[in-house]
Structure formats: structure tokens, C-alpha cells
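Welcome to a short tour of a protein model. Have the sequence and the 3D view open side by side, and we will go through the main places one by one.

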Amino acid sequence: MLFEGKTIQVHPLDDGIYDVVIDHKNDSVNKLDQATLAELSEAVKVLNDTADIKGVIFSSVKDVFIVGADITEFTQMFTVSEEDIIKNLHEMHAIFNAIEDLPCPTAVAINGLCFGGGFELSLACDFRIMGDKAKVGLPEVKLGIYPGWGGTVRLPRLIGVDNANEWICGGSEKRPDDALKEGAVDAVVETSQVKAAAIDIIQKANAGKFDYKARRVEKQSPIKLNQIEQMMAFESAKGVIGSKAGPHYPAPIAALKTIQKHANLTREKAIEVEAKGFAKLAKTDVCAALVGLFMKDQAVKKVGKGYESKAEPVNQAAVLGAGIMGGGIAYQSASKGTPIIMKDINQDALALGLSEATKLLDKKVSRGRMDSRKMASVLNSITPTLNYGDFGNVDVAVEAVVENPKIKKAVLAEVEGELKEGAILASNTSTISITDLATALKKPENFCGMHFFNPVHQMPLVEVIRGEKTSEEAVARTVAYAKAMGKTPIVVNDCPGFLVNRVLFPYFAGFSKLISDGANFLQVDKVMEAFGWPMGPAYLLDVVGMDTAHHADSVMAEGFPDRMGHDEETVLERMFNLGRLGQKNGKGFYRYELDRKGKPKKIVDEEVPALLEGLATSTREFTDEEIIERMMTPLCIEIARCLEENIVASPAEADMALIYGIGFPPFRGGACHYLDQIGLDNFCAMAEKYEALGPLYQPTEEMKNMAASSRKYFG
Ligand code: NAD
């Protein structure tokens, strides 16, 4: 063995070729953490000093090649100054340049996932062989940065500016056929053959069949486009990339500008430009938020896995109710591989539930993401029924009938009688207490909440709600089922609105108060959308449905009368009483018409201001800042309460629930991260301005204590 590190070993093969084998012993995947990079640096030095070396291949013994840099090290790495970030990047460049400059041909055997820093390592090699199941890509923009180990320099010189702009600024994963077509890899072979193919290409290069030295010159020289061609390529991309990224995500445009800036430079100079721009991005709040999200997502997944490991598998599911939610649950379960019985009391509802599932599957087939055989098997695994015939085989049954406690209790008690010993029963209620629903059951320990979001196939979050008597087995099995459905389950304790709606309704209360103080709802929507929400509060109420929101609002008011009770007429009540239910009947705060694709299109309705007359005693101007503060303050304080009351176990789960459940702006990292960024002292001082608006605007004692002792939710 030429070099033996903990993660990297260099083995001699035949004919003077060496195999740099990557095997991260402490992890299920390979990643380029600082320790691995230090070993890589040593290994390359040894290779460089090896006489008569004829070739080097890089390979992995794991299923993945290299998933990228170690993101868990980013927060620490980015706390230092820009100058120090640049210094650190140059140390990495020295390793990658040394690989590129080895005195023999080099090839990489990409057997599995190969992203970010892993793909940048591949780009430093002369040849790239890709397995037919592998994926490659540079997803750094998703973390608010761009490739910083020479990726922005090497890729455009290898595959052309237009393609590289798309790869780097879009951050997407690439399949073997695309990677090959665009020239990012030299060959695609069966996974088991990647190493042999890498050796083969080295031998061919040594035999003079491929000029690896010419390739190196190309990767290290200015881009081969004249000034006019460059201007056309970059200026036309700016509009497309800028509008796709939106105003809150600076990394894609920064990447494009960096590629443009170093287009006419040689490797050494170009890399300096890349490093400078990278360091700037690494210091942004957006990067901190997005890196934080990655870590929180990992933390949430770990909690989920913990439950999953304790759970019995779910081989057969059932759903009660074939409506909007029941139909969605059936589709999702079946399409992810868990057969499901869909029971309703109404034949038409069953037919509608199945036809919705068919539509979604048809779409997948027409987009080439599923073949018709798979579609048929998914549809076959949904069993529509009007009776309880096969319920004896069911492991988990999800109740999704109308939101009425009496009906739900009756249905739950009835189903319980049909289920086998140990089967789990869950309710998809959005508001009704799980502890209360459990009173209808003989075995409340086998019951919990399983709150999906609409539309089920698109929304990633499932709140799993633990009632007073729910057993940990019931929670674990429900979490396991949600994960099997491809969802992100977050376990919360029972309370009115659970976690997400409990936090959302104070935000809607903030909206109502703004309207009663004379704000214009169109301005509020515009400001909150510019803040980063996918829709403003009025638009969101239209989408949720005024009847659904009105009902949930009354549950919240009853559950938390001190904070959420109200005597005065709210804008939500006004719209509900006027029958302006939102998208579902075409009229809410906005008017809706179907566009060419059959999707509801929002239109400003001139009639609405007159309908809202009398809600506000006067009108006045509101600054954008005041609107943001008045909308966000109640939401942030309520999330703090949920943490203090142990409704949710951690700030990480709280932030992910809001991002996955209601589209909290990801670049702001979630409500707890947002509070940390503002600083709890600043937040509490700001909230004082609005104290007169009531208890929803008054920070908790714990928040004040945290502010006084400079504590944060994270770190
Ligand atoms: P829906 O009205 O579309 O569907 C309810 C279905 O239940 C109907 O098909 C009805 O025929 C059926 N049903 C009624 N009684 C039944 C019984 N005894 N046995 C079997 N089926 C019966 O309602 P939905 O929007 O799908 O909501 C269902 C549940 O999901 C509610 O508790 C609701 O609060 C909750 N939820 C809804 C949303 C949403 O956005 N729609 C989001 C999250 C949770």
C-alpha cells in the first residue's frame, strides 16, 4: 500500500497505476471533511513523488462516490473572516490543482452519488467514468454559496458556458445520460464496471489514444468564446437565472457573475476570483439560514429514524373518507408502495378519490417519470370499498372524514371494532383534540393524530400528534408509515391547532388586526410576499378556504381565549359570512378564474374594498416594516410558547415544521432562526411598540430571560 489513512488508502494496481480508494469509516457515505482533505493532500503528495507512476484512479468502496463537502463543518468554517475563508479555499485549491497536475493520466470511477466537492474532485481529474445509476451535480447554490474548489472554473471550460451556467446556477442533480451528452463525463458503464473502465481509459491515454495533456491545457486556459459570444451567453442567462432564483437567493446570480468575471483568465487567476466571491456568499445571512436548514433537516430525519427503528412495519394501510385528504392519502400511500384500502360511505366519493389518483398518475406517466405498468400496479393497490371487509388485515388506519367531532368519534369507535389487535388508528383532524377524540375508543393508547397538509402529494410535512394516552408504539408506527409515504413526520404533543395551525392562527390574527386598524389587504399581501412567503395572508386564506379557516379560528379562540379570543368582527368572519369562501367558490379576497391549464388564477376584485367597509374605523398608511413586524411578531411568540410548553421537542423541529407545513421562507431559516438573527433583545424591544395590541404581541418571560442573558435557540 502506497498510502494508508483513515479514509483514504492508495493501492498499487498493475502497470504503475494507483487506486486512491475513499472509504469514510465513521459514516455510511463518503464526504470531504477536513480530516479527509488533509489525507487527500498527503496521498497526492506521495503519488507525486512516486517514480514511474503511470496513472491514478479515484474510487469508492461505498455505494456512493462522494456526497460532497461536510456541510456540518460549514457553520464553523464560515464564522471566520472573509480573508480566512479565502485562505482556507486556497489550501483546498492546492490539493485539487495538485491532482490536476499529477505527472500521469488520472481518472475517476463515479460509482454512485457524486456531488459538490466530490464532483469538483472529479473535475480535477482528466477522465470521468460514471456508473449507470450514479448522479452528479453541483448543488451548492441550495446552501446559499457556489462551488468553491474550482468547480466554477473547470466546469465551463469542460462543458461550455451555457451548460455550466445551468448546472451551477440551477444546482440540479444530473443523470448519466445528461452528463454524458453534455460532456461532463467521458463514459457511462454499468456500476460494477466503473473501476475497470477507469483503468482502461488510463491505459488508452498512455497508449496515446487520448491526449490527456491537451485536456488539461483546455481546463486551465481562458474560455474559448469571443467577447460578443461571452456577452450573449452571460447577459441572456442573467434574466433567466435571476428570475428563477428570485430576489432572496443571491448565490445563482453571484455564480454566474463569477464565471463571467474569470472567463478570460487562466486557472490560477480564475480560482482567486472564485474564492473572493465564495467568501462573500459564505458570510451572508441567507447562507447561514440555508446551511442551518440542512442541519435541521438532518436532525429531524434522525429523530424520525429513531422512531422508525422501534416500529413494526406497515404492510397494509386504510383510510376512512375518500375526499380531498383521504383521496390524497390513498394516492400517496399506494404510489410509495404501501397498499391501502379507501373506505367511504358514498360511492361517488370513492369514484372521485380514484379519479384524482388516476389524474396524478397520468401526469407522471406523460412526463416519463412512471411507466403504465407501474401506474396500473399503483392503482391496483388502492382498494375502494363501502364496507369494512378487509379491515382485519390493516396495520394503520387513517381517519379523514369530515371535521366534526361527533362524526369522527362515531367513525373511530366503529373502525376500532374492525381492526386487529395492535393495529394503529390515526386521525387527520386539523383542529380537534386527539385526547378528546381518544375518549371514544377502547384502546386510546393505539390512537394518535396524523395531520397531513393539502395537497397531500405535494406537502412534505406530516404532524404526528401524541395525545395524553397515546403509546410510543403508536407514535413510532405512525412516524414509520409517514416516512414510508415519503413524508417528513414531526412529532408534537396535543393542543388546539397542534403546532403548525397554533402558530399560523396568531399570524392570521395579526392580519385581522392590521385590517381593523385600516391597512389595505393588497399591500399586506404584497409586503409579506416580498418578505418571502409563497403567498400573502389574504391569498393564503383564500387557498385554505374561509370556512375551514373560520372553523379553525373558532377552535383556536376557544382553546386559547386569552390570546386568540376576540369580540370584534374579524375580516375572516366578514368574508365567511358573505360566503366568500376563497378559491373553492371562486371568490374570496380575490376573484379566481381558471387559466388555460385549469388552475385557479388570482384576480384583484374591485368589489372587495366595499365589502370590508366598517371593519376599520379609519384608514392610515402603514410602512412595510410595520406590516412585517405586526404579522411576524405573534407567530414568533407563539412558536416560543410551543417550545416552552413542549408541544414541539426542539427549535430545529419547530423551524422545519413551519417551512415544510406552511412555506415559512426557507432563506430565513424558520421562526427560531429568524428570532436568533434579529436577536431576542432586539425582538423584545421591538415587540414593546405593539404591546397595546394585546397578549399575542407580548413576549413570554422565558423569551425575556433569554434576551437578558443573550441566549439563542441555536448555539
Ligand atoms: P372532504 O369533505 O373532502 O371529505 C370527507 C369525506 O369523508 C367525504 O368523501 C365523505 O363522504 C367521507 N365520509 C363522511 N363520513 C364518513 C364515514 N362515516 N365513513 C367514511 N367516510 C365518510 O374533507 P377533507 O377536506 O378531505 O377533510 C377530511 C379531514 O381532513 C378533516 O378532518 C379535515 O379537517 C382534515 N384536513 C383537511 C385539510 C384540507 O385542507 N382539506 C387539511 C388537513 C386536514
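Which element gives the most to the lining of the largest cavity? The answer is α13, with four residues. Please keep in mind throughout that this is a predicted model.

## The enclosed cavity

Rolling a probe the size of a water molecule over the atoms shows where empty space is left. Searching the whole structure in this way turns up one cavity of 30 Å³ or more, and its volume is about 30 Å³. To find it in your viewer, select Val-300, Val-303, Gly-304, Tyr-307, Val-479, Pro-489, Ile-490, Val-491 and Glu-653, which line the cavity. Two elements, α13 and β18 (488-493), give two or more residues each to this lining.

What is the chemical character of these walls, by class? Seven of the lining residues are nonpolar, one is polar and one is charged.

## A pocket that also uses α13

The same helix is worth following to another site. The second largest pocket has a volume of about 1300 Å³, and α13 is again the element that gives the most to the lining, here with eight residues. In all, 48 residues line this pocket. Val-67, Ile-71, Leu-143, Phe-294 and Gln-298 are the ones nearest its centre, so to speak your landmarks for finding it.

Besides α13 (285-310), the helices α2 (74-77), α3 (82-100), α4 (117-124) and α28 (651-662) each supply at least two residues of the pocket lining. By class, the lining holds 28 nonpolar, eight polar and 12 charged residues.

## Around the ligand

Now turn to the ligand. The ligand is surrounded by 20 residues, and the closest are Met-325, Asp-344, Glu-403, Lys-408 and Ser-430. The shell divides into nine nonpolar, seven polar and four charged residues. Three elements each supply at least two residues of this shell: α14 (324-335), α17 (405-418) and β16 (447-452).

Which polar atoms of the protein sit beside oxygen atoms of the ligand? At Met-325 a polar backbone atom is 2.8 Å from a ligand oxygen. At Ser-430 a polar side-chain atom lies 2.7 Å from an oxygen atom of the ligand, and at Asn-454 the distance from a polar side-chain atom to a ligand oxygen is 3.3 Å. On its own the ligand has 830 Å² of accessible area, and the protein covers 80% of that.

## Two annotated domains

The UniProt record, an unreviewed entry, places "domain: 3-hydroxyacyl-CoA dehydrogenase NAD binding" at residues 317-495. In the model this span is 40% helix and 21% strand, and its end C-alpha atoms lie 26 Å apart.

For residues 497-592, the unreviewed UniProt entry gives "domain: 3-hydroxyacyl-CoA dehydrogenase C-terminal". That span is 64% helix and 3% strand, with its end C-alpha atoms 28 Å apart.

## Backbone details to look at

Most residues other than glycine have a negative phi, and most peptide bonds are trans. Two places in the model are worth a look with this in mind. The peptide bond from Asn-454 to Pro-455 is cis, with omega near -5°. Pro-455 is found in the loop between β16 and β17 (461-466), and Asn-454 is the residue whose side chain has a polar atom 3.3 Å from a ligand oxygen.

Where does the other one, Asp-15, lie? Asp-15 is in the loop between β2 (8-12) and β3 (17-22), and its phi is positive, near 60°.

Note on methods
Residues numbered from 1 in each chain as written. Predicted model: local features only at pLDDT ≥ 70, side-chain atom pairs only at ≥ 80, totals over all residues. Heavy atoms only, no water. Near = heavy atom within 4 Å. Polar contact = N/O pair within 3.5 Å; in protein donor to acceptor, adjacent residues only side chain to side chain. Areas by Shrake-Rupley, 256 points an atom, 1.4 Å probe, with all protein chains shown as cover. Nonpolar A, V, L, I, M, F, W, Y, C, P; charged D, E, K, R; others polar. UniProt positions renumbered as here; feature names shortened; annotations may be inferred. 1 Å grid on protein atoms, 1.4 Å probe; cavity = no way out; pocket = protein on both sides within 12 Å on 5 of 7 lines; lining within 4 Å. Points joined across faces, edges and corners; volume = space filled by probe spheres on them.
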